[in-house]
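Please open the model in your viewer, and keep the selection panel within reach. Each stop on this tour asks you to select something and then tells you what is there.

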Amino acid sequence: MHNAPPGRRRPTPAAGVPLIDGIDKVTGRARYTADLEHRGALVGRILRSPVGHGEILRLDVTRARRLEGVVAVVTGEDCRHTYGVLPVAMNEYPLARGKVRYRGEPVAAVAAIDAETAARALALIELEVRELPAHYDTASARAPGAVLLHEDRPGNIERAVHHVFGDPAAGFATADLVREACIDCAEVNHAQIEPHAALAEYDPQTARLTMQSVSQVTFYLHLMLARCLQMEESRIRVIKPFVGGGFGARVEALNFEIVTAMLARAAEGRVLMELTREETFITHRARPQTSVRIKLGLTRDGRLTACECEVVQRGGAYAGYGIITILYAGALLHGLYDIPAVKYDGYRVYTNLPPCGAMRGHGSVDTRHAFEVLLDRMARELGLDPFAVRRRNLLVAPTRTLNELAVNSYGLADCLDRVEEASGWRGRRGHLPRGKGLGMACSHYVSGAAKPIHWTGEPHAVVNLKLDWDGSVTALTGAADIGQGSSTMVAIAVAETLGVPIERIRVVAGDSATTPKDNGAYSSRITFMVGNAAIDAARRLKKLLIAAAAHKLGEDPENLDCLGGLFGSTRATQTTLSFADAAKAALVNEGTLTVKGTFTCPPEAQGGKHKGGAVGSTMGFSYGAQVVEVSVDEATGRIVVERVWIALDCGFAINPLAVRGQIEGSVWMGMGQALMEETRYLDGMPAHASLLEYHVPTSVDSPPIEAYIVESIDPNGPFGAKETSEGALAGFAPALIAAVADALDVDLDQLPATPDRVMDALVARRRRQRLQHQPAGDAK
């Protein structure tokens with residue numbers, strides 16, 4: 001199960017190693033943004049729009065500025081530049097200018113000596129808004145004559161995507177069964193445990209800004225701070241402290257971060273901004289409410305002939321990642337199965353709600369859910385086993401999909417075998433008591449976007465290694481460890497390549513003043529890209545060390561290697577040199593050594609030439625298959641997940657302990673979306689303002705999860721590895737829905753599958769059954 005690539009030993013023990021920052025976290029030594037030393041810092045607070053859509057007629061901050069203890073007040077007039085994660089879609093201001101487009105949008109902000117004074121200052125700000133018609137759903141936003149949120153977006157369409165690959169009409173014509181389903185997936189939030197916070201300090205003497213924040217993408221934040229504050233990038237320093245989870249919530253610069261920096265500059269000092277849980281929900285940027293119309297064609301033996309998919313996403317008030325999200329939804333219809341024809345139409349719609357963005361499994365989860373649900377129903381109708389249908393449509397790697405995505409390794413067949421056997425599928429499915437059922441589904445995800453958002457011509461990842469007089473090796477990386485264990489992965493990669501214990505490696509991450517630029521923690525890019533860069537740097541350093549050791553030992557460098565921290569000949573000689581001594585030899589006449597490793601995705605991995613073709617492209621896909629067992633109470637509609645079997649092809653498990661943790665986390669998050677998570681708005685006001693109203697699974701809800709690691713050994717991944725943290729997520733919800741169908745013979749078209757929706761489906765089924773058994777003349 002955990003074989004190292006041919007010719008290699010496993011970098012870590014079979015069970016894996018604990019995360020290198022784990023002790024700091026469990027002992028409370030870790031310092032998150034709100035924990036940072038902030039004595040003397042001013043308190044930042046934000047005034048937010050009370051209406052969902054309106055024209056700002058008057059904004060008077062005079063009284064707030066005069067209040068004793070208020071040091072700075074800023075409004076939209078203090079920043080005339082828009083910001084956003086995509087260079088082609090920057091249409092949001094840190095503080096509203098002219099218009100507000102959702103309830104809770106930042107309008108003004110204050111910095112005061114304490115929280116009480118800041119609150120009083122906000123109450124003194126006079127805001128007059130002329131309300132405009134607001135659209136809280138996609139239907140009203142797209143209706144003829146609907147008021148536009150942005151004048152340059154007719155029909156309130158942020159982006160429409162139309163892609164056709166192959167001949168869908170011909171594919172459907174050859175199918176023995178063609179079916180269509182409409183699936184609705186509720187908007188969900190990341191619900192990361194740490195609320196948003198930022199600490200900014202502006203030094204008026206040097207005109208320099210230092211920002212510490214919860215960001216997953218310090219480079220993108222750096223760019224937007226420079227843009228909005230009109231500062232030179234060289235005068236800004238961005239530091240990432242410990243981050244208490246992200247899941248995509250922090251993969252773009254956020255308004256409160258820029259506002260905090262604006263306040264710090266206006267106050268010529270330090271400002272700490274801590275958002276409440278309600279404000280964190282309002283900042284949002286999570287998975288949009290999505291309606292999917294999916295149509296599939298199947299032959300009698302389960303071969304897919306065509307797919308047609310229409311997706312409508314409720315994107316919220318601003319662009320954010322919206323263009324990428326709607327493109328991902330279509331692009332990742334490909335890459336999991338061999339489908340000869342695909343038609344995709346996607347619509348990202350502006351509405352007067354907090355902006356949506358990226359969330360774990362970005363863009364793919366809802367579309368994959370709809371696809372797997374319909375495929376399971378069609379298999380049932382044809383009397384085919386769901387596993388057999390998946391096996392009938394497997395890809396053969398290496399290959400390229402219709403939309404030019406490269407598939408270089410593909411372990412889905414092994415994943416299917418593993419969970420089918422472990423769950424006892426063949427002997428148990430169809431033989432469980434009523435109310436109990438088994439369901440299965442598959443999923444996949446990218447190991448990093450092959451083309452970066454901000455194309456600069458630089459490598460996709462850079463890691464520097466510093467070797468000093470004490471024999472220590474410091475890995476410097478801009479990659480953000482947000483709990484996924486990326487810093488541990490870097491340490492393992494460097495230690496294994498150098499041939500030294502991991503304890504010799506120190507990792508310094510996420511400080512723009514000391515670490516090389518990194519694009520950030522998104523799209524599961526760090527293991528593949530930063531891991532390869534770390535190995536490249538370690539190889540370069542090892543070459544220097546071997547040369548120094550060879551000179552010291554009087555050996556040919558070609559005959560030397562380092563294992564267990566000792567340099568010695570690969571021939572049968574007994575002479576060795578310790579790593580510390582080799583390091584001292586390497587530093588002679590040179591001093592401290594710094595070497596650089598890089599990684600860049602080749603052009604052939606960067607997708608097709610069609611519009612939007614780069615989205616979905618990657619160097620390697622992870623693949624997952626899972627079986628979910630449920631019990632459903634027919635009297636209440638309550639679903640209980642009894643057990644989950646999940647197998648993930650991660651290429652190679654660099655750290656099996658961390659891999660299992662990521663797999664289980666994906667299952668847990670998928671369970672939340674499947675059973676209970678749902679944002680709700682009342683006239684645009686969030687009705688899910690805390691974790692009491694927004695339900696996530698707890699330890700009480702979590703079932704036993706049997707996670708299996710499948711290693712397909714990707715030819716381009718570090719040690720053969722691919723991503724591990726997102727590929728398992730999208731399969732849980734459709735597997736659960738299939739299990740409910742197996743348990744009670746009901747099909748659910750909405751997520752989450754709450755008890756009331758289950759009861760509605762049961763009532764509808766009973767009504768249909770009565771009508772079927774009722775004489776035709778008696779039907780009313």
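What follows is a walk through a predicted model, stop by stop.

**Stop one: the two domains**

Begin by selecting domain 1, which the domain assignment gives as residues 399–444 together with 618–780, and then colour domain 2, residues 452–600, in another shade. If you place a marker at the C-alpha centre of each domain, the two markers will lie 40 Å apart.

Where the domains meet, 15 residues of domain 1 are in contact with 16 residues of domain 2. The size of an interface is often given as the accessible area lost when the parts come together. For domain 1 and domain 2 that buried area is about 1100 Å², and 71% of it is on carbon and sulfur atoms. Which three residues of domain 1 supply more of the area it buries against domain 2 than any other three? Select I654, P718 and F719, which supply 42% of that area. If you look for salt bridges between domain 1 and domain 2, the count is 0.

**Stop two: the largest cavity**

Rolling a probe the size of a water molecule over the atoms shows where empty space is left. In this model the count comes to 4 cavities of 30 Å³ or more, and the largest of them has a volume of about 80 Å³.

To find the largest cavity, select R287, Q313, T325, G363 and D366, which lie nearest its centre among the 16 residues that line it. Next, show β14 (304–316), α9 (322–331) and α10 (365–382) as ribbons, since each of these elements supplies at least two residues of the lining of the largest cavity. The largest share, 3 residues, comes from α10. If you colour the lining of the largest cavity by class, you will find 6 nonpolar, 8 polar and 2 charged residues.

**Stop three: the second largest cavity**

The second largest cavity has a volume of about 60 Å³. Select H163, F165, L327, G330, A331, N403, L405, H610, G612, G613 and V615 to see the residues that line the second largest cavity. Two elements, β7 (157–165) and α9, give two or more residues to this lining, and the largest share, 3 residues, comes from α9. How many charged residues does the lining of the second largest cavity have? There are no charged residues in this lining, which has 5 nonpolar and 6 polar residues.

**Stop four: the second largest pocket**

Now move on to the second largest pocket, which holds about 370 Å³ of space. Select D21, F242, S487, V507 and A509, which lie nearest the centre of this pocket among its 14 lining residues. Then show strand β21 (residues 505–509), from which the largest share of the lining, 5 residues, comes. Coloured by class, the lining of the second largest pocket divides into 7 nonpolar, 1 polar and 6 charged residues.

**Stop five: a salt bridge**

Side chains of opposite charge can pair when their charged atoms come close. The structure holds 47 salt bridges, and one of them can be seen by showing the side chains of R179 and E381, which meet at 2.6 Å, N to O. This pair links distant parts of the chain, as R179 is in strand β8 (residues 177–185) and E381 is in helix α10, 202 residues apart.

**Stop six: the backbone in four loops**

Most residues other than glycine have a negative phi, and most peptide bonds are trans. With that in mind, hide the side chains and look at the backbone itself.

- Select A397 and P398, where the peptide bond from A397 to P398 is cis, with omega near 0 degrees; P398 is in the loop between α11 (386–392) and β16 (399–400).
- Select L751 and P752, where the peptide bond from L751 to P752 is also cis, with omega near 0 degrees; the loop that holds P752 runs between β31 (750–751) and α19 (755–773).
- Select E268, which is not a glycine and yet has a positive phi of about 55 degrees; E268 is found in the loop between α7 (255–267) and β12 (270–274).
- Select E404, another residue other than glycine with a positive phi, here near 70 degrees; the place of E404 is in the loop between β16 and β17 (406–407).

Definitions and conventions:
Residues are numbered from 1 along each chain as its sequence is written. Side-chain values use heavy atoms; hydrogens and water are left out. On a 1 Å grid over the protein atoms alone, a cavity is a set of points where a 1.4 Å probe fits but cannot get out, and a pocket is an open set with protein on both sides within 12 Å along at least five of seven lines; lining residues have an atom within 4 Å of a point. Grid points are joined across faces, edges and corners, and a volume is the space filled by probe spheres set on the points. Helices (H or I, at least four residues) and strands (E, at least two) are DSSP runs, numbered from the N terminus. Ala, Val, Leu, Ile, Met, Phe, Trp, Tyr, Cys and Pro count as nonpolar, Asp, Glu, Lys and Arg as charged, and the others, Gly among them, as polar. Domain bounds come from an automatic or database domain assignment. Contact means heavy atoms within 4.5 Å. Buried area is the accessible area (1.4 Å probe) that two parts lose on being put together, summed over both. A salt bridge is a side-chain nitrogen of Lys or Arg within 4 Å of a carboxyl oxygen of Asp or Glu.
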